[in-house]
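Visitor: Please take a close look at one part of this chain for me. I would like the backbone and the surroundings of a single loop, then a word on the cysteines.

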Amino acid sequence: MTDLLKYTLRIADNSLILAQRMSEWCSCGPTLEEDIALSNISLDLFGQANAFLEYAAQIDGNRSADDLAFKRDANQFFNHQLVEQENGDFGKTIIRNLINDTFYFLFYQKLSSSNDEVLSSIAQKSLKEIKYHLRHSQNWTLRLGDGTKESNERTQKALNDLWKFTGELFEMDDVDNNMLEQNIGVNNTELKKEWNNLINKVLQEANLKRPENKDMLTGNREGKHTEYLSELLAEMQYIPRKYPDAKW
């Protein structure tokens, strides 16, 4: 697997897995308006995933975008462990999205200047969508954190539980470094300062306490995941695997 293929799949997998998680909110949102909003976010993410997977299939030359989505096992996915976590209550979903949205808002800004014209084009389109996603998760974090005693406590618990997955966002390995040297990829480490600034501002306004940076989990770049990814893939891939020759 070439570095460009692996790099593209990493981005695609984050969008795909979070899209699947967000789709689980369809018809389960706390209000009708929010049900529609969550479903639209899911559709945006599926669109981003499809664009990156189509490019990955082009690079691969042997597998289609559908093959890459539905015929890889959990250890062949490279998404951040953050996005595979269960939705939990509404507060947990919002905090998970806030962490991810803030990162990808910064990531797509940098990727938009990539020397790879395809990645740059997809990033520019995705950036328009992620701005809305980030505004949504920020606004809800403020409402929940600075709301009732119960909403604050639940949101703080979600933040405490999910914080251990934030370290992965800023890691760099040989693939990342190679893409960076070719002016194709993004320096994730350099995003951390601005990510911290954005996150700290929201948490402070929401009366939420930032957890300590300790016991961070890692391994997504080598295909290591929590038990939740296999469960998610079992549902997402059921029909394509059961009927592999079906035409849609």
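Guide: Asp215 lies in the loop between α8 and α9. The model is predicted. Asp215 has a positive phi, about 55 degrees, although it is not a glycine. Is its place buried or exposed? Asp215 is exposed, because its relative accessible area is 64% and the cut-off for exposed is over 50%.

Asn207 belongs to this loop too, which runs between α8 (188-205) and α9 (227-236). Asn207 also is not a glycine, yet its phi is positive, at about 60 degrees. Its accessibility falls in another class. Asn207 has 48% relative accessibility, so it counts as partly exposed. The loop between α8 and α9 thus holds Asn207 and Asp215. Each carries a positive phi: about 60 degrees for Asn207, about 55 degrees for Asp215.

Now the cysteines. How many disulfides does the count give? The count comes to 0. Why is there no bond at Cys26? The closest cysteine sulfur to that of Cys26 is in Cys28, 7.7 Å away, which is too far for a bond. A disulfide needs the two sulfur atoms within 2.5 Å. Seen from Cys28, the closest cysteine sulfur is in Cys26, again at 7.7 Å and too far for a bond.

Accessibility completes the picture for this pair. Cys26 counts as partly exposed because its relative accessibility is 44%. Cys28 is partly exposed as well, with a relative accessible area of 46%.

Notes. Residues are numbered from 1 along each chain as its sequence is written. This is a predicted model: local features need pLDDT of at least 70, side-chain atom pairs count only at pLDDT 80 or more; totals for chains, interfaces and linings use all residues. Side-chain values use heavy atoms; hydrogens and water are left out. Buried means under 20% relative accessible area, exposed over 50%, partly exposed in between (1.4 Å probe, protein chains only). Helices (H or I, at least four residues) and strands (E, at least two) are DSSP runs, numbered from the N terminus.
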